[in-house]
Amino acid sequence: RAAGEEDLHGRLMTAFGLLTDAARRYGGVLNKIDMGDKGAKALILFGAPYALEHREEMALRAAMDLTACTRWPSGVRASAGVTSSQLFTGPVGASQRREYTAMGDGINLAARLMQHAKPGQVLCERACARAAAALRFKDLAALSVKGKKAPIEVAEPLGEAEERTLTHRVLIERDEACRTLEAFLHGPGGRALVVTGEAGLGKTALMDWLAARASESGIATHRMNLGPYSQEHPYALWRGPVRAVTGVRRGDAPEVLLNARDAVFAREPAGYRVLLNPLLDLPEEHNAAVRNLSPKERKDLNFAMLGRAFKAAGPRLLLCDNLHYADPLSLQLLAVMRLP
């Protein structure tokens, strides 16, 4: 190959790697990449060919990661359009050669939104924004796009939303399950309750009901939802509860986070407090106290400090959707916290 061909191949493989990594991280599938005179576009599916909970949220998280990524080949900037709709999906082609594909109006609209988006920007239908409660959005002016008679209401995702307010839900024909949850809520602490069942049976609704009941009873409650990406974030299950115990909010300035950390963990050795930085989204720090610690020693110190902080903060209820997506450190800390 000529030098120019080698360079093009390398740039394509870099882009392909970024796309496949983002798709995998959020439970999607990179379906195809098309090249044209106006650039290249990639189609990533969420919810097909495999079912996926919170698919709009996962698609938007993947799009935000890709548009904010700084590892694209030189001169390449990404923009994205996200829609949610019913599509035709399945294998197409002849018996000798076929591929899985998706076709439908939603894909065409996503491409139009991508064309309207600026480099580094994600545009989505407002219906997607309403379905992704874990994210915050900015509503934009409606867009007129090719192939649509009426303007399309669009929004732009801006990042994580604040922890949502818990509201009471009325459940129909769930009396026995509600009684079991009520007894668990007012029983002794240090226990775990696992709710399992097929998709669509109402597990999330039961947890929302329990969260609202706990809040009404004055019990500190943390409601978390994990996704495929959570497995790559140490302590993903615990970051929200740690923020609550520390008295900070997502997006607070670093100096606010540091002051809160030092206030809540004032009785801990100052040199060890830096181990808590990842849970507060602070940069890692290295000092003489922690520089030569083994990974196990770091983990044990973190567990001990967190255990004392949560014990001092009083009883609380942790509710988590999709615990199977939890990272190993989250599960290990959960097992420690359950000890009497």
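**Talking through helices, sheet and hairpin**

Modeller: In this predicted model, the axes of helix 5 (residues 175–185) and helix 6 (residues 203–216) cross at roughly 45 degrees and come within 10 Å.

Biologist: What makes helix 5 oblique to helix 6?

Modeller: Set the angle against the cut-offs: roughly 45 degrees, while under 35 degrees would count as roughly parallel and 65 to 115 as roughly perpendicular. The angle falls in neither range, so helix 5 is oblique to helix 6. As for handedness, helix 5 passes helix 6 in a right-handed crossing.

Biologist: Which residues in helix 5 and helix 6 meet?

Modeller: From helix 5 you have A177, C178, L181, E182 and L185, and on the helix 6 side L206, W209, L210, R213 and A214. Sorted by class, that contact has eight nonpolar residues, two charged ones and no polar ones.

Biologist: OK, on to E57. Where is the place of E57, and why does E57 count as buried?

Modeller: E57 sits in helix 2 (residues 55–68). Its relative accessibility is 4%, and buried means under 20%, so E57 counts as buried.

Biologist: What does E57 touch?

Modeller: Leaving out residues up to four places away in sequence, E57 touches A132, A134, L135, N225 and Y229.

Biologist: Now the open sheet. In what order do the four strands come, and what makes strand 3 and strand 7 edge strands?

Modeller: The order is 3-6-8-7, with mixed pairing. Strand 3 (80–82) and strand 7 (135–139) are the edge strands: each of them pairs on one side only. From one strand to the next, the twist averages 35 degrees.

Biologist: How do you know that strand 6 and strand 8 pair?

Modeller: Count the bridges: strand 6 (residues 122–125) and strand 8 (residues 154–160) are joined by two, and pairing takes at least two, so they pair. The two strands run antiparallel. One bridge links E125 to its partner V154 in strand 8.

Biologist: And what joins strand 4 to strand 5?

Modeller: Six bridges do, between strand 4 (residues 88–93) and strand 5 (residues 98–103). With at least two needed, these strands therefore pair as well, and they run antiparallel. G93 has R98 in strand 5 as its bridge partner.

Biologist: How many residues lie between strand 4 and strand 5 in the hairpin?

Modeller: Four, and strand 4 and strand 5 form the hairpin on either side of them.

How values were computed:
Residues numbered from 1 in each chain as written. Predicted model: local features only at pLDDT ≥ 70, side-chain atom pairs only at ≥ 80, totals over all residues. Heavy atoms only, no water. Axes fitted to C-alpha atoms, helices over the stretch in contact; angles between N-to-C directions. Parallel < 35°, antiparallel > 145°, perpendicular 65-115°, else oblique. Left-handed = near helix turned anticlockwise from the far one by under 90°. Contact = heavy atoms within 4.5 Å. Nonpolar A, V, L, I, M, F, W, Y, C, P; charged D, E, K, R; others polar. Buried < 20%, exposed > 50% of the residue type's maximum accessible area, 1.4 Å probe, protein only.
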